[in-house]
Amino acid sequence: MTLEELRDRMKAARVEIAENRLELVRRLLTDALRPIHAMDSRKHRTLEPAVTFDAGRPRGDHGQ
Amino acid sequence: MASDELSYATIRDIGARLRRRALSPVELTRALLERIERLDPRLHAFVTVTADRALADAKAAEAALGRGDISSPLLGIPVGYKDIYATRGILTTGGSALLADWIPTEDATCVTRLQRAGAVMLGKLITHEFAFGIQFPGHRFAAAKNPWDLERMPGGSSSGSGAALAAGLAFGALGSDTGGSIRGPASFCGITGLKPTYGRCSRAGVLTLSWTLDHTGPMARTVEDCAYLLQALAGHDAADPASSREPVPDYVAPLSRGVRGLRVGVPREYFFEGIDPEVEKGFEQALATLRQLGAALEDVQIPSIQAAGAYTAILLAEAFAYHEHDLREHPERFGEILRERMLAGALITASEYVQAQRLRTQLRADMNAVLRRVDVLATPTSPKTAPTFTTVYDPEYGFPRGNTGPFNMTGLPALALPCGFTAAGLPLSIQITGRPFDEATILRVGHTYEQATSWRTRHPNL
């Protein structure tokens, strides 16, 4: 992620971050998004986001 | 004044003395309150010391013991609660200026359960700001210090819980763990911390950082003490939408069954990146001990382990979503570093968040597949030892990658316990991870290793 892209995202999200901290935020986001940007979503069509785990599932079923 | 021998006793030992009336809960509580008064001005583990409440709890425990009530192993045991757990009528700050004057009207479920089990509430333990930031100099709440070296961090965000236990200021504590906030302080402070399976312990009444990553759990000085605390905490809670109905087994009785024949998988990829040589050496020695105890060790591969880095995207996006209103309306009430981290969550797109959750699904499937072949996984808890405050206060200090986040992604139970010390005397830690809701096995592995070593008997020179 470039600083220019970071600024574009800040504008779209209506947030302000001090200029002297932008590089740190850029690094934080670059690291966080690296595996996501490396992912070829076409190869993972069967993957559904799993934001719930076993709440409410029958006994012994852990969603494996 | 509490002697070190008394202050560093285990819940098991103290409980036995209380039940045979060789020690009074009131006498014990007074001794700990005196120790807190003497040591905590240097450690800053406590935000609030609830001395009157502690003595009232202790007197109630004494009365119960007098009636012959010996059913709870936690009766009369002094504990502390991380200050993101709501406590009725008691200041609950979240380590934040935003909540500096908040007095909840209800207890968090975990607090209720420990109090019902007879625990004595010593007070509230400092947390990193909203369990995510760091208390920089000038913050309203001072940062807790590491009892092993006051120039170093105790880890976080359950910083006060780790520091208090290492300093012998409490016998147990509650922590919370979104990416390692129980296990990190356990690692840096030379104590034991358990992040149970997602849904095993209630989050109701606990300040949210990231809904799908947040876990609550116990911290103590031994594995067995964590088992006693978990026994009281675990179980369904209708007030927590993610709470599981999985039955709660006996966590204490199986501890002594040993590890002979158990299969321990060691994932080398990811967990050894950037590791300190002393951390690696301590970990390998711990593996050798497990092998001597009869465990079968094998290296294992988790194919999608590098996807674990997507954990940060989920954390940032959910933290921003939770705090968005206050971040936009009262940004000045957040510490600068915390504010920047949370605002970074606003910059993650909806698609990126969903893709991160899809990677999480893959990681869960891969870890579960490995855990069908082995009983537990073992890794170093942290690739580094406790950093100095000078290091983390450096404006260039980033968001460190750890070995704990992958198990928040997958929701699997993970235990951190001491496995040695560096030449400079800093604690080392091993992390044992197990199958969903199989806390009993990781506690058994941890207890067996712990009983074969003497790390738990070392204490900081205060």
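**Exercise 1. Burial and backbone at A131(B)**

Task: In this predicted model, decide whether A131(B) is buried or exposed, and state which sign its phi has.

Solution.
- Step 1. A131(B) has 30 C-beta neighbours inside 10 Å.
- Step 2. The cut-off for a buried residue is 20 or more, so A131(B) counts as buried.
- Step 3. Phi of A131(B) is positive, near 60°, and the residue is not a glycine.
- Step 4. Most residues other than glycine have a negative phi.
- Step 5. Along the chain, A131(B) sits in the loop between β3 and α6 of chain B.

**Exercise 2. Burial and backbone at H44(B)**

Task: Find where H44(B) lies, and work out whether H44(B) is buried or exposed.

Solution.
- Step 1. The loop between α3 (25–43) and β1 (46–49) of chain B holds H44(B).
- Step 2. Its phi is about 60°, which is positive although H44(B) is not a glycine.
- Step 3. The count of C-beta neighbours inside 10 Å is 20, so H44(B) is classed as buried.

**Exercise 3. A peptide bond**

Task: State which isomer the peptide bond between G156(B) and S157(B) adopts, and place S157(B) in the chain.

Solution.
- Step 1. Omega for the bond joining G156(B) and S157(B) is about 15°, and the bond is cis.
- Step 2. Most peptide bonds are trans.
- Step 3. S157(B) belongs to the loop between β3 (120–125) and α6 (159–166) of chain B.

**Exercise 4. Packing of α10(B) on α12(B)**

Task: Classify the crossing of helix α10 (residues 311–329) and helix α12 (residues 350–373) of chain B, and list the residues that meet.

Solution.
- Step 1. Two packed helices are described by the angle and the distance between their axes.
- Step 2. Here the axes come within 9 Å and cross at roughly 130°. That angle makes α10(B) oblique to α12(B).
- Step 3. The crossing of the two helices is left-handed.
- Step 4. From α10(B), A313(B), I314(B) and A317(B) meet E352(B), Y353(B), A356(B) and Q357(B) of α12(B).
- Step 5. By class, the residues of this contact are five nonpolar, one polar and one charged.

**Exercise 5. The contact between the chains**

Task: Determine how many residues each chain gives to the contact, and which helix of chain B supplies the largest share of its side.

Solution.
- Step 1. Chain B gives 39 residues and chain A gives 33.
- Step 2. On the side of chain B, α10, α11 (336–345) and α12 each supply at least two residues.
- Step 3. The largest share, 12 residues, comes from α12(B).
- Step 4. The side of chain B that touches chain A contains 18 nonpolar, 14 polar and seven charged residues.

Note on methods. Residues numbered from 1 in each chain as written. Chains lettered and ligands numbered in written order. Predicted model: local features only at pLDDT ≥ 70, side-chain atom pairs only at ≥ 80, totals over all residues. Axes fitted to C-alpha atoms, helices over the stretch in contact; angles between N-to-C directions. Helix = DSSP H or I, 4+ residues; strand = E, 2+ residues; numbered from the N terminus. Parallel < 35°, antiparallel > 145°, perpendicular 65-115°, else oblique. Left-handed = near helix turned anticlockwise from the far one by under 90°. Contact = placed C-beta atoms within 7 Å. Nonpolar A, V, L, I, M, F, W, Y, C, P; charged D, E, K, R; others polar. Buried ≥ 20, exposed ≤ 12 C-beta atoms within 10 Å, placed from the backbone.
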